[in-house]
Amino acid sequence: MVKKDERRLRVGVLGCGPIAQAAHFESCTKAHNADLYAICDVADDLRQRMAATHAPEKSFADYDAMLADPDLEAVIIATSDAFHVAAAKKALDAGKHVLCEKPLATSVEAAEELGRAVRASGRILQVGHMKRFDAGLEAAKAFIADGMGEMVALKAWYCDSTHRYPMTDAVQPLMVSSAQAKKPAGNPKADLDRYYMLAHGSHLVDVARYFAGELVAVEARLSKRGGMHCWFVDVEFANGVLGQLDLTVAVRMDWHEGFQIYGANGSILGKTFNPWYFKSSEVDIFDEREGASRRVLGADGHFYRRQLEGFASVILDGAPMTGADIEDGIASVRAMVAIAQSAKSGKPVRLANASGEV
Ligand SMILES: NC(=O)c1ccc[n+]([C@@H]2O[C@H](COP(=O)([O-])OP(=O)(O)OC[C@H]3O[C@@H](n4cnc5c(N)ncnc54)[C@H](O)[C@@H]3O)[C@@H](O)[C@H]2O)c1
């Protein structure tokens, strides 16, 4: 049973595409401290169908009209990556808080531009790196802060599976699409190096930063054989921690995602599931002092609803932001650009020198 708080954030979702259908509409409806106040999509057929299913108070074809609604407090931006920055800036200009899908932007310059707008606005912007709301990752983060001691090294891998669609088709709601949907010009999948980095690399980089902090340099190699894209990336964090990242699309096996962290007083080994199972990562936290591992259950694996609840409580209760903030979003874009540039040049790239498009 969903128990709703008395004071709830009135949220409007921009975009009625697959991510809104699979995650955000339900998150707003189930969140204890938020409501699905409005939805917006230029595609009339899609918007009307979603309004009938999810029953928002209001439904808009025009984004400006939604933003002009004085009762709307925040927007979830669930559009193509290419539209994130312009849509987020508009929302901030209208005085609304923003939960923006990942990746924040597709270029360092656009991300920085949005950063300036956020800092000037006094509004909250959180990036939809929902893995930060996985109870397994949260337990690992807590152990890093108060038990593991000095971190030495981190490995993280994100390997999409050739079997993902039979699995997601089975567990997600039936997706509704529309010929009227607004899409960026050109086919985003025409350049798969870029598409995979933006879609999947953004998650991997954010998880690495969530655990080990600021990334300063990367050295990447990209192998394209057997119909696969496989990036192996040596990374260096500002605190001197060394890391290795593996981004592979797609392995010939089940979804393969996880991380391993070595610290002075313990180690962490995490296995992450495809998010659409709504199952928290299995994270074994080995504490050297106890000579034993523990693992949180994390029964509530609705990462998307939990990220919205976190966002709403920053706004409504002044709670600290535990999601990815604007600086995290910018840093992830820089990291993706640096990895892509390093893979092309064969040379290490410092994030401070990264510029341009992913
Ligand atoms: N966090 C995750 O796990 C996860 C998973 C999948 C996708 N995503 C992200 O979600 C985002 C959206 O993905 P998608 O596949 O749902 O996108 P999509 O392009 O299929 O759907 C977006 C919808 O937004 C509408 N739209 C776009 N601009 C509009 C505007 N100005 N006014 C009104 N309507 C507008 C379009 O008509 C379309 O229906 C992407 O950035 C993607 O990276 C995140």
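**Note on Arg 334 and the sheets**

1. The side chain of Arg 334 comes to 3.0 Å from the backbone oxygen of Leu 351. This is a predicted model, and the values here are computed from it.

2. Arg 334 belongs to helix α10, which spans residues 326–345. Is Arg 334 buried or exposed? Arg 334 counts as buried because its relative accessibility is 19%, and the cut-off for buried is under 20%.

3. Which residues does Arg 334 touch, beyond its neighbours within four places in sequence? The contacts are Val 108, Glu 112, Leu 351, Ala 352 and Ala 354. Leu 351 is thus on the contact list and also supplies the backbone oxygen mentioned above.

4. Now the open sheet. Seven strands make it up, in the order β3-β2-β1-β4-β5-β6-β15, and the pairing is mixed. At the edges are β3 (58–60) and β15 (324–325), each paired on one side only.

5. The partner of β15 is worth a look. Strand β6 (residues 125–127) pairs with β15 in the antiparallel sense, over two bridges. Val 127 sits opposite Ala 324 of β15.

6. Helix α1 (residues 18–30) lies across three strands of this sheet: β1 (9–14), β2 (34–40) and β4 (74–77). Relative to β2, helix α1 runs at about 135°.

7. Strand β11 (residues 256–263) has two antiparallel pairings to check. Eight bridges link β11 to β7 (residues 151–161), with Ala 156 opposite Phe 259 of β11. Seven bridges link β11 to β12 (residues 266–272). A hairpin of two residues connects β11 and β12, and Gly 263 stands opposite Gly 266 of β12.

Technical notes
Residues numbered from 1 in each chain as written. Predicted model: local features only at pLDDT ≥ 70, side-chain atom pairs only at ≥ 80, totals over all residues. Heavy atoms only, no water. Pairing = 2+ DSSP bridges. Helix = DSSP H or I, 4+ residues; strand = E, 2+ residues; numbered from the N terminus. Contact = heavy atoms within 4.5 Å. Axes fitted to C-alpha atoms, helices over the stretch in contact; angles between N-to-C directions. Buried < 20%, exposed > 50% of the residue type's maximum accessible area, 1.4 Å probe, protein only. Polar contact = N/O pair within 3.5 Å; in protein donor to acceptor, adjacent residues only side chain to side chain.
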